[in-house]
Amino acid sequence: MSRVIWMIIDSVGIGALPDSEKFGDVNVNTLGNIVKNYKDIKLPNMLKLGLGNIDGIDSLEGVESPIGVFGRASEVSKGKDTTTGHWEMTGVLVETPFRTYENGFPKEIIDEFERKTNRKVIGNKPASGTAILDELGEQQMKTGEVIVYTSADSVFQIAAHEEIIPLDELYKMCEIAREIMMGDNAVARIIARPFVGQPGAFERTSNRRDYSLSPFEDTVLDNIKNSNLDVIGVGKIEDIFNKQGITEAIHTKDNMDGVDQTINYMKKENNGLIFTNLVDFDSKYGHRRDVKGYKEALEEFDARIPEILENMKDDDILIINSDHGNDPTYKGTDHTREYIPMLIYGKKVKDGLNLGTRSSFADIGATVADILNVKMPKHGNSFKNDIIK
């Protein structure tokens with residue numbers, strides 16, 4: 001087996017973890033609550049792989065003979081965000097939660113940011129990305145000030161209209177913020193949030209960029225790269241790992257572009273890992289509490305699975321899983337702490353095997369390392385021997 005196609009369906013959680021109440025999440029279930037609201041949801045291809053057969057999923061009917069391996073995984077790390085989830089699944093546990101700023105950023109941080117960027121800051125509070133544009137987008141356009149905001153996640157977000165502040169300048173401001181938000185002030189991610197449009201009709205664009213902390217230990221990606229294999233990041237994968245362990249990367253406009261780019265790489269001659277993040281589930285529908293949009297995005301992805309399977313080589317293995325939850329029926333706009341689904345398929349993979357509940361997301365990365373015969377990560381237990389025929 002020379003290649004793994006690893007696709008992250010960002011935020012598609014499947015039920016509250018036992019400790020979810022400690023994170024403010026009660027009776028959350030991203031997939032389950034979407035299905036309860038839209039019982040006509042059509043996910044035939046993920047069901048065929050075994051989605052409805054996963055332990056704990058009672059909102060979907062399981063199939064009699066799934067063609068893939070299926071299961072769910074718990075999160076060990078102290079968080080429920082993108083960085084924490086992706087790092088854990090690649091073998092790095094986050095024992096101390098990333099710092100958050102529930103009341104906005106201290107004056108000294110904003111003063112330093114304004115001085116180094118020569119731009120005044122407006123906002124500086126926790127907010128929904130769309131609501132803050134409704135509130136301050138017009139002022140940003142008129143004054144050239146920049147909107148800085150945060151959320152329940154460990155993020156420093158900078159929003160600016162693309163026609164007022166060029167992307168290069170916005171990205172440079174993010175680099176400055178990244179330098180400031182280190183050490184005791186460190187946040188997991190600085191996020192560029194460019195937007196376009198006019199008051200009352202602002203839209204965030206696909207030119208988002210994330211400036212993450214670098215993982216504090218080697219990940220599975222480093223181990224694959226160090227074995228002279230490919231690590232191809234599709235979507236925001238490159239940003240989540242601050243380019244560490246990546247050999248080639250491409251950013252994407254939306255979920256379907258992410259699928260297109262993944263298939264493009266599958267058709268090429270490469271060995272190692274194609275690692276894709278499909279962020280729209282999270283950013284466009286989870287955070288915005290858009291249940292109908294989330295449901296339609298799931299159906300849209302499901303309809304592309306046959307094309308993905310058709311482009312797999314005989315020794316390819318496909319892994320589909322999530323990184324956290326983001327229940328669009330729950331209060332607020334934050335992620336939710338949930339189990340994640342795992343679906344695995346390939347001609348060399350067993351049919352209909354239930355992996356049950358894995359104790360850590362890190363088991364997935366350990367399995368990827370084992371499949372590719374590279375150095376194992378510090379954390380995680382491989383289930384390769386269980387799933388290979």
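Here a visitor asks for reasons and a guide answers from a predicted model.

Visitor: Why is Asp282 called buried?
Guide: Buried means under 20% relative accessible area. Asp282 has 3% relative accessibility, so Asp282 counts as buried. Asp282 sits in helix H10.

Visitor: Why is His287 called partly exposed?
Guide: Partly exposed covers values between 20% and 50%. The relative accessible area of His287 is 21%, so His287 is partly exposed. His287 lies in the loop between H10 and H11.

Visitor: What makes Asp282, His287 and His335 a group?
Guide: A record does. UniProt lists Asp282, His287 and His335 under "binding site", in an unreviewed entry. They spread over 54 residues of sequence, yet they cluster in space, with a largest C-alpha distance of 8.3 Å. The lining of the second largest pocket includes Asp282, His287 and His335.

Visitor: Which residues does His287 touch, leaving out those up to four places away in sequence?
Guide: Asp282, Asn326, Thr333, Asp334 and His335. Asp282, with neighbours within four places left aside, has contacts that include Asp10, Ser11, Thr82 and His324.

Visitor: What makes the pair of His287 and Asn326 a polar contact?
Guide: The limit is 3.5 Å between N or O atoms. The side chains of His287 and Asn326 make their polar contact at 3.3 Å.

Visitor: Why is the pair of Asp210 and Arg189 called a salt bridge?
Guide: The cut-off is 4 Å. The closest N and O atoms of Asp210 and Arg189 are 2.9 Å apart, and the pair forms a salt bridge. Asp210 lies in strand E8 and Arg189 in strand E6, so the pair ties together parts 21 residues apart in sequence.

Visitor: Are Asp210 and its partner Arg208 buried or exposed?
Guide: Asp210 has a relative accessible area of 4%, so Asp210 is buried. Arg208 is buried too, at 16%. Their side chains meet in a salt bridge at 2.7 Å, N to O. A network of salt bridges links Asp153, Arg189, Arg208 and Asp210.

Visitor: How do you know that H9 is mostly covered?
Guide: By its residues: 10 of its 12 are buried. Among them are Met256, Val259, Ile263 and Tyr265. The buried residues of H9 pack against elements including strand E1, strand E11 and helix H11.

Visitor: What is the span of H9 set against?
Guide: The expected value is 16 Å at 1.5 Å a residue. H9 reaches 17 Å from its first C-alpha to its last, close to that value. At the start of H9, a side-chain oxygen of Asp254 reaches to within 3.3 Å of the backbone nitrogen of Met256.

Conventions:
Residues numbered from 1 in each chain as written. Predicted model: local features only at pLDDT ≥ 70, side-chain atom pairs only at ≥ 80, totals over all residues. Heavy atoms only, no water. Helix = DSSP H or I, 4+ residues; strand = E, 2+ residues; numbered from the N terminus. Expected span 1.5 Å × (residues − 1). Buried < 20%, exposed > 50% of the residue type's maximum accessible area, 1.4 Å probe, protein only. Contact = heavy atoms within 4.5 Å. Polar contact = N/O pair within 3.5 Å; in protein donor to acceptor, adjacent residues only side chain to side chain. UniProt positions renumbered as here; feature names shortened; annotations may be inferred. 1 Å grid on protein atoms, 1.4 Å probe; cavity = no way out; pocket = protein on both sides within 12 Å on 5 of 7 lines; lining within 4 Å.
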